[in-house]
Amino acid sequence: MSNKTIQTRLSALQKQMQKERVDAWLILSADPHLSEYLPDHWKLREYFSGFTGSAGSLLVLRDKAYLWADSRYWVQAEKELVGTGITLMKLGEANTPSYTALLQEILPEESRVAVLGDTISIEKFVDLFESLAESGIELTTEFDPFSKIMPDRAELPCEPLYLHDPQFVSESASAKIQKIRAVMSHYGTDVHLVSTLDDIAWITNLRGQDVTYNPVFLAFLMITQSSVTLFIDERKITSEVKKYLGEHKITVFPYDVYYEEVMNIPTDKVIMLDEKRNTYATLEALDEEIEIHYLTNPSTLLKAQKSDANIANIEKAMREDGIAMAHFYSAFEARLAQGETLTELDVADLLAEERAKRPHFVDLSFDTIAGFNANGALPHYRATEENHATLEGNGLLLIDSGAQYQNGTTDITRVIPIGTATDAQKRDFTRVLKSLIVMSETVFPENIPMPYLDAIARRPLWENHLDYGHGTGHGVGYFMNVHEGPQVLSFRAPVTAEMSVKKGMITSIEPGLYRENEWGIRIENLVVALPVEKQQETNFGRYFYFKTLTFFPIDTRLIDRSLLEAKEIEWLNRYHKEVYQKLSTGIKDDSVLAWLKERTAEI
């Protein structure tokens, strides 16, 4: 996208702002479902800035614009914003004000700030409204100029729904709905409104293709004690899905009448609403006299706690994923050794080909990140036809990839040497490995907020005055979004009760270390929280541990053995023994098996 195009688009928005007497437009990376990954129709921030990262906020004033991005995207954003006139605000960096603080600083009283009410949560809107009001600034959702100034705006997706394969579903939609109704009764509520797509897909046991790499579909859900209404484009409903919905007594209404139906809820009803996971537009649609109980979506917590059957299925998916990667890595390394010229793009293509051969494969779970040397230092880098590296010379190749299988969602990062790795690269790699190991070995009390555990993982880096800007881990869905809440393994996250560690919660452990313009290292496994077996009888409650779900070699050619303690070497050798046992029985190719044996040899 050319810088001139961005300037033209911003100018069109600024002219519209002048007509409507709006002093600032806040454009968030969100849609009416507060999704992380957006359909093209809702990529407004990208449309007006050219910044393609998955997270960021754009503030457009009448004569200038600012974009906030976190440390994962600083280098990327700097490149993509060149020539646009947009100022990059490095979120999290000292002395960088929030967009709220900047608005309070530069706008005079009686200014108006606009935001789309269906792209901001109730919680965020209220906080922003109150903060701006203190400075005499109005926050309004009255305007929506985007249809006027975006002639080429993408249509909403309309892909068909399908059933999550029954052999991998451990609980029916009707049973899940009954659990939600029990929570509603407990809190004395009559109507529960759900807008988050992964919650809706989980509740209904349906899947879709409206969002790239995430098997979800655009819809809203309204649950009462006697009815369930799914608001969705009816063109997505196949005959099989129609029959299924009838069996579970789920009524279908058009997607675009949702807010009208919310407006029609009688004032004597009590609403259960998650203020973090519903937009302000939903609150605006409700009658002011209606009583609202702000509670976390029951499905969010239920969905995060995978059943024993789910975990068993995920372990099988992880094994198949590991076998696919063994075929890729062994062939890939052999081709490099033979002098073949390969690029970062080849990595993504060849890895996808191997995964597609495995049972129950549906799609990738995100764009594969294959970053060589300096590109690996960009945590969310993605190679493109216009911008990618050839794998030649010496250095490190970081590969972060994953897949969607009917029986599980995978996400794994490994780093391998291309040519000869330096001693400094090996030291960095080993310290990141130490972080992975210490987090994997941690035992912790039941119900501890997961963000508190993050500091344990960072200790091997912190003691060497090193760190990384992203969280250590994120929740992962079950044939669902690769990023799933409420749990998150990051000390920067606000700590809430819903982040307490529960049995069956899956998270990634992915410490990293990034040398800008040099190399990047990240090692990632998925783990599940489980109670410690045969616990000692004490008065200090139950204790949990992380069971590793991901099994694939960690490249020992990059290890500085002198930095590892005996117990860390023991962990690595034990892990590699399990990797070999789990993967070898599913590999028939002798060359792949030989590669696996070499990569899992004891150190």
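**Exercise 1. The C-terminal domain span**

Residues 543–603 have end C-alpha atoms that lie 31 Å apart, and this span is 48% helix and 10% strand. Working from this predicted model, find which feature UniProt places at these residues, and then describe residues 314–528 in the same manner.

*Solution.* The first step is to turn to the record, where UniProt, in an unreviewed entry, places the feature "domain: Peptidase M24 C-terminal" at residues 543–603. The second step is to look up the other span, for which UniProt, again in an unreviewed entry, lists "domain: Peptidase M24" at residues 314–528. The third step is to describe that span from the model: over residues 314–528 the chain is 30% helix and 26% strand, and the end C-alpha atoms are 10 Å apart.

**Exercise 2. The chain as a whole**

Decide how the radius of gyration of the protein chain stands beside the value that the globule rule gives for 603 residues, and state how many helices and strands the chain has.

*Solution.* Begin with the secondary structure, which amounts to 18 helices and 28 strands in the protein chain. The radius of gyration is 25 Å, close to the 25 Å that the globule rule gives for 603 residues, so the chain is as compact as a globular protein of that length. Along its principal axes, the C-alpha trace spans about 65 × 55 × 55 Å. Next, consider the interior: buried residues make up 56% of the 603 residues, where buried means a relative accessible area under 20%. Finally, consider how the chain meets itself, for among contacts between residues at least 6 apart in sequence, 69% join residues at least 24 apart.

**Exercise 3. Two pairs of helices**

Two packed helices are described by the angle between their axes and the distance between the axes. Classify the crossing of H15 with H17 and that of H7 with H8, and list the residues that meet in each pair.

*Solution.* For the first pair, take helix H15 (residues 423–440) and helix H17 (residues 566–584), whose axes come within 11 Å and cross at roughly 80°. That angle makes H15 roughly perpendicular to H17, since angles of 65 to 115 degrees count as roughly perpendicular. From H15, the residues Leu-433, Lys-434, Leu-436, Ile-437 and Ser-440 meet Glu-568, Trp-571 and Leu-572 of H17. Sorted by class, this contact holds 5 nonpolar, 1 polar and 2 charged residues.

For the second pair, take helix H7 (residues 173–186) and helix H8 (residues 197–204), whose axes come within 7 Å and cross at roughly 120°. H7 and H8 are therefore oblique to each other. On the H7 side, Ala-173, Lys-176, Ile-177 and Ile-180 meet Trp-202, Ile-203 and Thr-204 on the H8 side. The residues of this contact divide into 5 nonpolar, 1 polar and 1 charged.

**Exercise 4. Two threonines**

Buried or exposed: how should Thr-229 and Thr-196 be labelled, and which residues does each of them touch, not counting residues up to four places away in sequence?

*Solution.* Start with Thr-229, which lies in strand S11 (residues 228–231). Its relative accessible area is 10%, so Thr-229 is buried. Leaving aside residues up to four places away in sequence, Thr-229 touches Phe-220, Leu-221, Met-222, Thr-251 and Phe-253.

Thr-196 has its place in the loop between strand S8 (191–194) and H8. With a relative accessible area of 9%, Thr-196 is buried. Under the rule that sets aside residues up to four places away in sequence, Thr-196 touches His-33, Arg-277 and Asn-297. As a distance to check in the structure, Thr-196 and Leu-378 are 182 residues apart in sequence and 29 Å apart in space, C-alpha to C-alpha.

**Exercise 5. Backbone angles**

Most residues other than glycine have a negative phi, and most peptide bonds are trans. Examine the phi of Asn-95, the phi of Asn-517 and the peptide bond from Gly-485 to Pro-486.

*Solution.* Phi of Asn-95 is near 70°, a positive value in a residue other than glycine. Asn-95 sits in the loop between strand S4 (86–90) and helix H4 (99–106), and with a relative accessible area of 82% it is exposed.

Asn-517, which is not a glycine, has a positive phi of about 70°. Asn-517 lies in the loop between strand S25 (512–515) and strand S26 (519–522), and at 60% relative accessibility it counts as exposed.

The last step concerns the peptide bond from Gly-485 to Pro-486, which is cis, with omega near 10°. Pro-486 is found in strand S23 (residues 484–489).

Definitions and conventions. Residues are numbered from 1 along each chain as its sequence is written. This is a predicted model: local features need pLDDT of at least 70, side-chain atom pairs count only at pLDDT 80 or more; totals for chains, interfaces and linings use all residues. Side-chain values use heavy atoms; hydrogens and water are left out. Axes are lines fitted to C-alpha atoms, for helices over the stretch in contact, and angles run from 0 to 180 degrees between N-to-C directions. Helices (H or I, at least four residues) and strands (E, at least two) are DSSP runs, numbered from the N terminus. Angles under 35 degrees count as roughly parallel, over 145 as roughly antiparallel, 65 to 115 as roughly perpendicular and the rest as oblique. Contact means heavy atoms within 4.5 Å. Ala, Val, Leu, Ile, Met, Phe, Trp, Tyr, Cys and Pro count as nonpolar, Asp, Glu, Lys and Arg as charged, and the others, Gly among them, as polar. UniProt positions are given in the numbering used here, feature names are shortened, and annotations may be inferred rather than shown by experiment. The radius of gyration is taken over C-alpha atoms; the globule rule is 2.2 Å times the number of residues to the power 0.38. Buried means under 20% relative accessible area, exposed over 50%, partly exposed in between (1.4 Å probe, protein chains only).
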